[in-house]
Amino acid sequence: VGGGIGVTPFSSILKDLVFKSSIFNKIVCKKVYFIWVTRTQRQFEWMADIIREVEENDRNDLVSVHIYITQLAEKFDLRTTMLYICERHFQKVSNRSLFTGLRSITHFGRPQFIPFFNSLQEVHPEVGKIGVFSCGPPGLTKNVEKACQQINKQDQAHFVHHYENF
């Protein structure tokens, strides 16, 4: 989970993981879910090229990227509602984001970590331990930590959270 400029360390990590998986290096993780939380679309334009490169080179479907734009949700008016509807439709039809042109899924609003983590347990029931890494403002990393603690009360995979605040 990268928040704002907290995405910076993940850019090189994602590129490295995809490169190593493409040359059949042993990688401990079977799937990487990357969540980037950003206020506006403009704030992630510089990262779009890196995500595009990761998507193009990810022949083993290792990385799944989710982008959350929070500012639109704060001003949820008719225009935003229409953008949301168009984005969802375009993603279903073309398997790409209308905003970014990426396969990455674009969401509006803040990520709901507990349902997201629950979905990981459903998709990967054989996994006993899931590493969660986050970098961003303290509010973001605290929300990720709370979600991990809540999920860990269940008798399923154990979520281990590592974080860095800026």
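Which residues in α1 meet which residues in α2? Before getting to the list, a word on what you're looking at: this is a predicted model, so read everything below as a description of that prediction.

Let's start with the overall layout. The protein has 166 residues, and 42% of them are buried. It is built from six helices and six strands. If you walk along the sequence, you go through the pattern β-α-β-α-β-α-α-β-α-β-α-β. Take the contacts with a separation of 6 or more: 75% of them are between residues 24 or more positions apart.

Now back to that opening pair of helices. Helix α1 covers residues 8-22, and helix α2 covers residues 45-57. On the α1 side, the residues are T8, S11, L14, K15, V18 and S22, and they meet W46, M47, I50, E53, V54 and N57 on the α2 side. Sorted by class, the residues of this contact come out as six nonpolar, four polar and two charged.

How do the two helices sit against each other? In general, you describe two packed helices by the angle between their axes and the distance between the axes. For α1 and α2, the axes come within 9 Å and cross at roughly 15 degrees. Angles under 35 degrees count as roughly parallel, so α1 and α2 are roughly parallel to each other. As for the hand of the crossing, α1 passes α2 in a left-handed one.

It's worth pausing on S11, one of the α1 residues in that contact. S11 has a relative accessibility of 10%, so it counts as buried. Leave out its neighbours within four places in sequence, and S11 is in contact with M47 and I50. Both of these partners belong to the α2 side of the contact.

K15 and E53 are also part of the α1–α2 contact, and their side chains do something extra: they meet in a salt bridge, at 3.7 Å from N to O. K15 lies in α1 and E53 in α2, so the pair ties together parts that are 38 residues apart in sequence. Is this bridge buried or exposed? K15 is partly exposed, with a relative accessible area of 33%, and E53 is partly exposed as well, at 33% relative accessibility.

The structure holds four salt bridges, and two others bring us back to the same helices. In one, the side chains of D16 and K20 meet at 3.2 Å, N to O. This bridge stays within α1: D16 and K20 are four residues apart there, about one turn of the helix. D16 counts as partly exposed at 35% relative accessibility, and K20 does too, at 33%.

In the other, the side chains of D49 and R52 meet, again at 3.2 Å from N to O. Here both residues lie in α2, three residues apart, which is also given as about one turn of the helix. D49 is exposed, with a relative accessible area of 52%, whereas R52 counts as partly exposed at 28%.

Just past α2 there's a residue to look at in the backbone. D61 lies in the loop between α2 and β3, the strand at 63-69. Although D61 is not a glycine, it has a positive phi of about 55 degrees. D61 is exposed, with a relative accessible area of 52%.

Further along the sequence, a second helix pair makes a good counterpart. Helix α5 (residues 113-123) and helix α6 (residues 138-151) have axes that come within 9 Å and cross at roughly 50 degrees. That angle makes α5 oblique to α6. The crossing of α5 past α6 is right-handed, whereas α1 passes α2 in a left-handed crossing.

Which residues of α5 and α6 make the contact? From α5 they are F113, I114, F117, N118 and Q121, and from α6 they are L140, N143, V144, A147, C148, Q150 and I151. By class, this contact has eight nonpolar, four polar and no charged residues. Set that beside the contact of α1 with α2, where two residues are charged.

Key: Residues are numbered from 1 along each chain as its sequence is written. This is a predicted model: local features need pLDDT of at least 70, side-chain atom pairs count only at pLDDT 80 or more; totals for chains, interfaces and linings use all residues. Side-chain values use heavy atoms; hydrogens and water are left out. Helices (H or I, at least four residues) and strands (E, at least two) are DSSP runs, numbered from the N terminus. Buried means under 20% relative accessible area, exposed over 50%, partly exposed in between (1.4 Å probe, protein chains only). Axes are lines fitted to C-alpha atoms, for helices over the stretch in contact, and angles run from 0 to 180 degrees between N-to-C directions. Angles under 35 degrees count as roughly parallel, over 145 as roughly antiparallel, 65 to 115 as roughly perpendicular and the rest as oblique. A crossing is left-handed if the near helix is turned anticlockwise from the far one by less than a right angle, and right-handed if clockwise. Contact means heavy atoms within 4.5 Å. Ala, Val, Leu, Ile, Met, Phe, Trp, Tyr, Cys and Pro count as nonpolar, Asp, Glu, Lys and Arg as charged, and the others, Gly among them, as polar.
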